[in-house]
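Got the viewer open? Here is a short tour, one selection at a time.

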Amino acid sequence: MTLIETKNLRYSYPDGTSAVQGVDLKIERGEKIAFVGPNGSGKSTLFLLLNGTLRPAGGEVLISGRPIRYDSRSLRETRKKVGIVFQNSDDQLFAPTVRQDVGFGPVNLGLSKEEAEERVARALEYVGIEGLKDRPPHHLSGGQKKRAAIAGVMAMDPEVMILDEPLSNLDPAGSEEVMGLLEELNERGTTMIISTHDVDLAYRWSDRVYLLADGKIADQGRPEEIFGQTKLLFGSGLRQPLIMEVYDEISRRDLAAPGKRPRTLPELVGHLTPPDLRWMKVPSGTKVGETLSTEGTTAKGSDLPRRERVKVVHLQEEGRAVVETLDRTIGIGTVIVSDTDEMNGEDLKRMEEEWEIDLVGVMGTRSRAFADSCGITADISSNVIDRTILRALCGEVVLILTNGGMVEHTRRRIEDYCRQSGMRIKVFVLDGKREVKAGSTEPAYSCQGKVA
Amino acid sequence: MDHALLDDYALNSPLRKKNNKLKLALVAAALLVGVSSTSPVAPLFIALTMSLAAILLGKVPARFYLGLAAAPLSFALFGAVIILFFFGSGPEIFSLEIFGQRVGASAEGAKMAVLVVSRTVSGICCLFFLATTTPMVELFALLKGLRLPDTFVELSMMIYRYIFVFLDVAVKMRHAQVTRLGCDGFRSSVRSFSMMAGTLFLRTMDQGEKLYTAMDARCYDGKLSLFEEKRPIRAQELLAASTYVTVIAALAYLSRGTSIF
Amino acid sequence: MEGFLPHPWWEVWYVLSLPVVVYGIYRINQLAKERRETLPLLALAGAFIFVLSSLKLPSVTGSCSHPTGAGMGAILFGPAITAVLCLIVLVYQALFLAHGGITTLGANVFSMGIAGPAVAYLVYRGCTRSKMNFYVSIFFAAALADLATYLVTSLQLALAFPSATGGVLESFGAFGTVFALTQVPLAIVEGVVTALIFKYIIQVKGDVMVRLKVIDEKRLGKLKEMISA
């Protein structure tokens, strides 16, 4: 369902310069949209038009199919549906304590005191700053402030959340936290719109991209399409995402398998073809043209079985030959996705005994709290799904602790990857529906264990 | 230039969670008694007890406390000196020659000077106790409870929040100026200061607009809400506070009129 | 200085200041009804005044002095509203910086928040009407505001501690002379600084002044010409 639509939207600043010139856009429910454009391209102005703060000079904005009306009651309705998190948290956090600031929205919506308090508590818990609720904003770090600002908008339960440059002024840890949060919110059903000039972020995160330049939409579409048009990008003062650039370069050198352009690191790795020719030690007596099957270990020396079939192309001095790789399989890795909402510490212990877990990844604030309470430190705490895939490709066993809708989301992502890349990763989903029997080789959990 | 240190101390104070009405009432009573006392005895007692409370119960570092007291104390001493020489009649205790003029200090003047200093010290210590144990964020709920006008309390809350934002900005601007030698000599200092203040002011106006837009986006209708924390009073605290107030009041009454001279 | 003023004086000044503050709050309420952005704007102005007053003014003598910001506030917002802002700022100064006090709040509001701004406002309006140079009138407004504040403070002290020989008058002379050492240079410097601040604002973003109804468009134009000339 189309949540936001604009038709030929136009707006000029009071001093006459045109900010938005004839913008048509459509945002569907549940989408993750990125507006990408250089500074000054009109992104912030556009957002203020979408929530009724600015009145267009021409064209119209439709929310859920109905044009915005500018009387105060209709504006309230609009702003309840469309929430904005501004670029600078100091512009948004104005109350003496975090709790009071987050409560500002719910109270303005006319909720009862109890309901407002409940919303605030939920929002604070969700973004993970419950412990900071009595602090004044100037005692918070950049990432915490941003999360507090998000909580403040979240507490109003908007259908669409717009974030203007959400990662500006955040350090990498803070950025990861916020992006993880945005992912969770989208899983819950909130339509997300961000503006950014970080092309890498837009490329890997969004479903659709709107390219903005000089107040006009230069192009829109899926990230792979938009970011592939280098001329357009450079003309708009942007650049190509790094992963795409790397892929293009290795493609040119014939080192990449053809296929859809990769969006994430695992996808990129999946496109790499192994080197065809290399030197290898061969047993004496080997002849040219012979096919050998080697068993070895991976370069790191771990005990993962690795099998290769090679053909001897040229014999060097005793024991060395140039061989051509025919095919190679690395031991298949395993991923166990476990829903922490259905688990307790005992289950975790049992799991550790049953499987030889190499790494633990944790995703989501509730799961992080669960892991902390069990005394587990996560090996992977950011970009969990991608990094898990990468490790599973090297044959390792990874346990992902997550919760809610993200369990399914994780499974789907890994399956999608396997399908597209042809790699094989075993995925088991544990949502605790049945008891585990100690000592069994197959976990007796729910039947969602699948081999992708 | 870490200015609002006192509030930061209060936010981390071990006494933060005690009932705020009680703390405020206690401090107000002590202030009143100290200011109304006609002899130095009660105020000095109050000063001693309040400072000990702040240092021992409130865990304020003693050295910091004394440093803080230095400035207002020196003001008080300054004023006291004037009073010493100009106030009061009666026999002269001693006199000084300043610029060829003879100024004399009478017994009454000395009495008054001592009294004034003691009252000031007592007041300062009461103030410090409040400032280091009760963060502003707690006091807002109190102010609303006292039925002060909403506008007033809301203004105070927002001013509180933005003081820190602007302090940060001002400090950074200052550093930037100093790095470019903007504070060499009086004239350039004045110019730099004015530029910084002017820029700060423009930022203020800008920030006002942005803040308003952000508040509007969350359906601001002109009223602010407050979530109050319930902080229960323990009977022993109430007892201790009332005892204290009674003691100092009695002390002030009994010692009325006495003095050193 | 907390506790310096004795009974009944500290109460007297509270009583005298109260009506002005109440009127100021009333004015703010009125303005806020017309334009909702009044409250956030005034709040930020209050924060600005606080921060300004916590900075050290450059001084020739090397002594430590702080601007009051009250003169500037009065020109921008009028004396009644400035009184309210000064009240809040004074409370914060007491609680955050240990400058001033709570019993002396009434007296300080009267001297710094009412008397000073009132003088600034009257002087500014008077000078404007007499077509004096804009910046000179600002200088006088701010400097005289500070002088007024200091004189009123001296009066408050003199009333509380009248000299035995010469009564209030002699005390006033004594306090006044002693404070003059620091206060007169402060007034002059703050006057200059305030004028320069206004000049800077006009140069960079003069329409702010028009929006706040300090000057009108025409004047702004002329002033800008003056600067670029």
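Start with chain A. Among its contacts between residues at least 6 apart in sequence, 65% join residues at least 24 apart. Keep in mind as you click around that this is a predicted model. Colour chain A by secondary structure and you should count 16 helices and 19 strands. Of its 452 residues, 42% count as buried.

**Stop 1: the hairpin in chain A**

Select residues 2-12 and 18-28 of chain A. These are strands β1 and β2, which run antiparallel and are joined by 8 bridges. For one facing pair, show A:Ile4, which stands opposite A:Ile27 in β2(A). Now slide along to the turn: the hairpin has 5 residues between its strands, and A:Gly16 sits there with a positive phi of about 105 degrees.

**Stop 2: a serine with an unusual backbone angle**

Next, pick A:Ser64. You'll find this serine in the loop between β4 (58-63) and β5 (66-67) of chain A. What is the sign of its phi? The value is positive, near 50 degrees, in a residue other than glycine. That deserves a second look, since most residues other than glycine have a negative phi. Is A:Ser64 buried, partly exposed or exposed? It is partly exposed, because 15 other C-beta atoms lie within 10 Å, a count that falls between the 12 or fewer of an exposed residue and the 20 or more of a buried one.

**Stop 3: helix α14 of chain A**

Select residues 365-373 of chain A, which make up helix α14. Show the side chains of A:Thr365, A:Ser367, A:Arg368, A:Phe370 and A:Ala371: these are buried. What covers them? The cover includes α5 (113-127), β16 (359-362) and β17 (397-402) of chain A, so add those to the selection. Following α14(A) is A:Gly375, with a positive phi near 75 degrees.

**Stop 4: over to chain B**

Hide chain A for a moment. Chain B has 9 helices and 2 strands, and from the N terminus on they run α-α-α-α-β-β-α-α-α-α-α. Buried residues make up 46% of the 261 residues here. Among contacts between residues at least 6 apart in sequence, 74% join residues at least 24 apart.

Colour chain B by domain next. The domain assignment gives domain 1 as 5-134 + 232-254 and domain 2 as 141-217. Their C-alpha centres lie 32 Å apart.

Then switch to colouring by pLDDT. The average for chain B is 79, and 84% of the residues score at least 70. Among the elements of chain B, strand β2 (residues 101-106) has the lowest mean, 68, and helix α3 (residues 41-57) the highest, 85.

**Stop 5: two residues in chain B**

Click on B:Phe129 in helix α5 (residues 107-133) of chain B. This phenylalanine counts as buried because 26 C-beta neighbours lie inside 10 Å. Leaving out residues up to four places away in sequence, B:Phe129 touches B:Val27, B:Met50, B:Ala53 and B:Ala54. For a distance to draw, try B:Phe129 to B:Thr246: they are 117 residues apart in sequence and 19 Å apart in space, C-alpha to C-alpha.

Now jump to B:Arg147, in the loop between α6 and α7 of chain B. This arginine has a positive phi of about 65 degrees although it is not a glycine. Buried or exposed? B:Arg147 counts as exposed, because it has 8 C-beta neighbours inside 10 Å.

**Stop 6: where B meets A**

Bring chain A back. At this contact, 24 residues of chain B meet 28 residues of chain A. On the chain B side, α6 (136-145), α7 (150-179) and α8 (186-217) each supply at least two residues. α8(B) gives the most, with 8 residues. Colour that side by class and you get 16 nonpolar, 3 polar and 5 charged residues.

**Stop 7: the cores**

Finish with the nonpolar cores. The largest has 246 residues, and those with the most contacts inside it are B:Ile163 and C:Ala120. Helix α6 (residues 134-160) of chain C gives the most to this core, with 17 residues. Zoom in on C:Ala120: beyond residues up to four places away in sequence, it touches C:Ala70, C:Gly71, C:Ala74, C:Ile75, C:Ala141, C:Ala142 and C:Ala145. A second, separate core has 27 residues, including A:Val384, A:Met406, A:Val427 and A:Val429.

Definitions and conventions:
Residues numbered from 1 in each chain as written. Chains lettered and ligands numbered in written order. Predicted model: local features only at pLDDT ≥ 70, side-chain atom pairs only at ≥ 80, totals over all residues. Contact = placed C-beta atoms within 7 Å. Helix = DSSP H or I, 4+ residues; strand = E, 2+ residues; numbered from the N terminus. Nonpolar A, V, L, I, M, F, W, Y, C, P; charged D, E, K, R; others polar. Pairing = 2+ DSSP bridges. Core = buried A, V, L, I, M, F, W, Y, C linked by C-beta atoms within 7 Å. Domains from an automatic or database assignment. pLDDT = per-residue confidence, 0-100.
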